[in-house]
Amino acid sequence: MELSLNHVDYLQVGVTSQKTMKLLPAVGRKATQKVAVADHDGVVNCFGMKKGEAVPVFKSLPGQKISRLELGGALGTPQEKIFVCSGSEVRGYTKKGKQFLSFEANLTESINAMHVSGADLFVCASYIYNHYCDCKDQDYYLSGDKINDIVCLPVETVGRTVPILACQDRVLRMLQGSELLYDFEVPGPPSVLELHNRDGGKNGEEVLYGTADGKLGLVQLTSSAPVSKWEVDNEKKKGGVLCIDTFDILGDGVKDILVGRDDGTVEVYGLDSSGEPTLRFENVLSESVTSIQGGCVGKESYDEVLTTTYTGWVSGLTTEPQQMEAGPGDEVKMSRETQAKVAALRAELEQLQVKVMQGREKYQQSSQSSTAVSAVPVFSINDRFTLCQDDASYSLTLEVQTAIDNLLLQSDVPIDLLDVDKNSAVVSFSECDSEPNGNFLLATYRCQANTTRLELKVRSIEGQYGTLQAYVTPRLQPKTCQVRQYQIKPLSLHQRTHSIDQDRPMNTLRLVGQFSFAEIHSWVVFCLPEVPEKTPAGENITFYFQNTFLGTQLEASYSKGEGNFKSDNISTISILKDVLSKEATKRKINLNISYEVNEDSVSHTLKMIHPKLEYQLLLAKKVQLIDALKELQVHEGNADFLIPEYRSILDESACLLEEYKKQPAHLERLYGMITDLFIDKFKFKGQNVKTKVSQLLEILDNYDLNSLMDFFNDA
């Protein structure tokens, strides 16, 4: 069965956070449901639909930004009480809008995730989890990394309180009281959790998770061990998952999985007889989807997928047909309801036009007045700077509540800008004087009309660190601009992983000195991405990393007064040695540095670079041949006389050119890595081999792995 859904907009509220919209339970069997939505203005808005119009049920007064909205109520009764959290306060409203609860959790940080179950309230703020029962403190847990979401297995089914935390370090943590029962490793940083079928499935133990890098999975969290059911990879490079719900929109008796992503994609996954998910429907909105719910809102008997976007649009993808088809010569009669709707829209449009005219006139008068004061318009920016594992690049996503006019990117480190298919902005580069000012990149993106979301990709060079700055100018009067800064770290292409291959030949760097645990942790945070800023609990810690570009690995274990770093790539050790000694010198700390270099690790790293380098050289060779082959084809009239290898190059020319264009400077990058490896190998022996780099480049131009290895060994 093919699913056909039609888009309808209902209402716009203020800017919204993740998971701040819910559908209240229906009163009758086929009745429409009320919608509760909360925004950054601190307003809780509850409305229902009548004759195509949004009719307000209640609206709270503005206040502090609301970060979550959950439904609750006594166990076994309809969950129709509305709970919201703003700052460190939790408020409760009845479905009619009467406030019955105001609870101050007294946390030092704002609550960013919440779950309500009967009399139990679970809140999370950055690293802290708190459990309250009837507003009395019950349990407390300090997580090793930031908590992104929380869900609790249903008490009615499981018979006990089991909170599940989604933590930034790619782990789901299952708690028992204030203790960690066990943790489950997931393929990316989990951003959202939801109970499967809204009740945890047959045993109440099934939890759906979505990750920041766009993966989706189902896991059964039993009392003894986790069981992974299935996982959906993000092969098409869609956005990260922000919200999940389960609802039978296909009408086949099995609840489907509804997914909202940060690139505006809305997906419906149906489950087949074996319980495996298949994509049944996809729709792309122009901005990120912060909340998603399945239910019946617009018209009774017509189910729909309701979404809320970042700028506050509450809209539905409904099964109700929105257009009637008429054949030639058929008369189309509009129902009274449709006529009234059209008339109301026209009246609203006229009112808006009058308002705009009045606003413009008022602005013109005040801008010419000598006493008027110009106020800078405030606007929200939703930004993400994340490392993509697949192509070892950073994705920078900027989303503004109003249309973006232009974006200026400036960087004090050398970085490459990569092509993004979804980006329609016009980019222009300005010349930079990199030597005196350390200015390596100056690029301007001029956006098309009504662009509120912009996605860019950049690739950094390990060992070069600094700041990338984005100046965002929206289409607002008076002209105003906001600056966002992103740190490019010394080992920027490394990603946290749960384990490494201990059998590889490893180089070791050991630091000993008068430094505290907090100081060495702050140095590691400065060097590597995905390390929690808060100093870990305990006396020592070990982190594992993998280089997303080469696949080499790093083990960092340290405690007060001592740090040990192991890697199969000697360049990684060299970068760490330089940066850590620089940081220690800044703080006037005397370091005793010792290292062990494993000679086998150099040939091991060269073998890891080999397939990538061979592929890029072959690609460059093929691209060079394309023009000549095309000329031959035109000259001869066809390509039948060419050998099959050349014919295949002609057939695939478009793909080859696109791939080559998408990876600028890829070959130079690999050359640079091999050159660094060569210099670093001899640097640890106390030899300077920079004079031999020209010979190395000659060997690379006529590349052969064995001759390259011989050069490394004989130099």
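In this predicted model, helix α4 passes helix α5 in a right-handed crossing. Two packed helices are described by the angle between their axes and the distance between the axes, and both values are available for this pair: α4, which spans residues 517-527, and α5, which spans residues 570-586, pack at an angle of about 130°, with their axes 10 Å apart. That angle makes α4 oblique to α5, since an arrangement counts as roughly antiparallel when the angle is over 145 degrees.

Further helix packing is found in the region that contains α9, α10 and α11. The axes of helix α9 (residues 666-683) and helix α10 come within 11 Å and cross at roughly 140°, and α9 is therefore oblique to α10. The crossing of these two helices, α9 and α10, is right-handed. Helix α10, made up of residues 693-701, also packs against helix α11, made up of residues 705-714, at an angle of about 165° and with the axes 9 Å apart. Because of this angle, α10 is described as roughly antiparallel to α11, and the crossing of α10 and α11 is again a right-handed one. Helix α10 thus takes part in two of the packings described here, one with α9 and one with α11.

The strands were examined next. Strands of a sheet pair through backbone hydrogen bonds, either parallel or antiparallel. One open sheet consists of 4 strands in the order β10-β11-β12-β13, and the pairing in this sheet is antiparallel. The edges are occupied by β10 (113-117) and β13 (136-142), each of which has a single partner strand, so one side of each is left without a neighbour in the sheet. From one strand to the next, the twist of this sheet averages 15°. At one edge, β10 is joined by 5 bridges to β11, the strand of residues 120-125, and these two run antiparallel; within this pair, Met114 has Val123 of β11 as its bridge partner.

A second open sheet contains 5 strands, which follow the order β33-β34-β31-β36-β37 with antiparallel pairing. Here β33 (426-429) and β37 (482-488) stand at the edges, and because each has a single partner strand, one side of each lacks a neighbour in the sheet. Neighbouring strands of this sheet are turned by 20° against each other on average, when direction is ignored. Within the sheet, β31 (residues 404-411) and β36 (residues 466-474) are paired in the antiparallel sense over 7 bridges, and the bridge partner of Leu407 in β36 is Val472.

Two hairpins were also described. In one of them, strand β16 (residues 171-176) is joined by 6 bridges to strand β17 (residues 179-185), the two running antiparallel, and Val171 is matched with Glu185 of β17 as its bridge partner. This hairpin of β16 and β17 has 2 residues between the strands, and Gly177 in the turn has a positive phi of about 65°. In the other hairpin, 7 bridges join the antiparallel strands β24 (residues 265-271) and β25 (residues 277-284), with Phe281 of β25 serving as the bridge partner of Val268. The hairpin of β24 and β25 has 5 residues between its strands, and Gly275 takes a positive phi near 85°.

Finally, the interior was searched for enclosed space. The search of the whole structure finds 1 cavity of 30 Å³ or more, and about 60 Å³ of space lies in the largest cavity. The residues that line this largest cavity are Lys19, Met21, Lys22, Glu194, Cys243, Ile244, Ser291, Ile292 and Gln293. When these lining residues are sorted by class, 4 are nonpolar, 2 are polar and 3 are charged. At least two residues of the lining are supplied by each of the strands β2 (21-23), β22 (241-247) and β26 (289-295), and of the elements that contribute, β26 gives the most, with 3 residues.

Definitions and conventions. Residues are numbered from 1 along each chain as its sequence is written. This is a predicted model: local features need pLDDT of at least 70, side-chain atom pairs count only at pLDDT 80 or more; totals for chains, interfaces and linings use all residues. Side-chain values use heavy atoms; hydrogens and water are left out. On a 1 Å grid over the protein atoms alone, a cavity is a set of points where a 1.4 Å probe fits but cannot get out, and a pocket is an open set with protein on both sides within 12 Å along at least five of seven lines; lining residues have an atom within 4 Å of a point. Grid points are joined across faces, edges and corners, and a volume is the space filled by probe spheres set on the points. Ala, Val, Leu, Ile, Met, Phe, Trp, Tyr, Cys and Pro count as nonpolar, Asp, Glu, Lys and Arg as charged, and the others, Gly among them, as polar. Two strands pair if DSSP finds at least two bridges between them. Axes are lines fitted to C-alpha atoms, for helices over the stretch in contact, and angles run from 0 to 180 degrees between N-to-C directions. Angles under 35 degrees count as roughly parallel, over 145 as roughly antiparallel, 65 to 115 as roughly perpendicular and the rest as oblique. A crossing is left-handed if the near helix is turned anticlockwise from the far one by less than a right angle, and right-handed if clockwise.
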